[in-house]
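Got your viewer open? Let's take a short walk around this protein, one selection at a time.

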Amino acid sequence: RPLPPRLSSSPSLPISKSTVHRILQTMVREVFATVDGSGYYVPGPRLIALAGRVVGRLDAFVGADDPR
């Protein structure tokens, strides 16, 4: 898979690399993110569960408008 852009090459990023690193470390500690075998940050179980709940609510809203 292609490498993600490095934070140091993102001049439009409005926060510092150290702040991004601290946020990601907090997300890992709280299991909202994990680090895969290649060192990439990926969604963790808590973030995936939260996304599932949001999608479930969206499905309920969409289904409410269905005239069937």
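**A quick tour**

Start with everything shown as a surface: the protein exposes about 5700 Å², and carbon and sulfur atoms supply 64% of that. Keep in mind that this is a predicted model. Of the 68 residues, 6% count as buried.

Now switch to cartoon view. You'll find 2 helices and 2 strands, and if you trace them along the sequence, the pattern reads α-β-β-α. As for contacts between residues at least 6 apart in sequence, 13% of them join residues at least 24 apart.

Next, select residues 45-64, which is helix 2. Show the side chains of L47, L50, V54 and L58: together they make a nonpolar surface patch of about 320 Å². Click on L50, which sits in helix 2. Is L50 buried or partly exposed? It's partly exposed, because its relative accessible area is 40%, and buried would take under 20%.

Time for some charges. Side chains of opposite charge can pair when their charged atoms come close. The structure holds 2 salt bridges, so select E30 to see who its partners are. R29 meets E30 at 3.8 Å, N to O. R46 also forms a salt bridge with E30, with the closest N and O atoms 3.7 Å apart. That second pair links distant parts of the chain: R46 is in helix 2, while E30 is in the loop between helix 1 (17-29) and strand 1 (33-35), 16 residues apart.

Finally, select R29, E30 and R46 together to view their network of salt bridges. R29 counts as exposed at 58% relative accessibility, whereas E30 is partly exposed at 34%, and R46 is partly exposed at 42%.

Conventions:
Residues are numbered from 1 along each chain as its sequence is written. This is a predicted model: local features need pLDDT of at least 70, side-chain atom pairs count only at pLDDT 80 or more; totals for chains, interfaces and linings use all residues. Side-chain values use heavy atoms; hydrogens and water are left out. Helices (H or I, at least four residues) and strands (E, at least two) are DSSP runs, numbered from the N terminus. Buried means under 20% relative accessible area, exposed over 50%, partly exposed in between (1.4 Å probe, protein chains only). Contact means heavy atoms within 4.5 Å. Accessible areas come from the Shrake-Rupley method with a 1.4 Å probe; for residues, only the protein chains shown count as cover. Patches are made of residues with over 30% relative accessible area and no salt bridge: like charges are joined within 9 Å, nonpolar side chains (Val, Leu, Ile, Met, Phe, Trp, Tyr) within 5 Å. A salt bridge is a side-chain nitrogen of Lys or Arg within 4 Å of a carboxyl oxygen of Asp or Glu.
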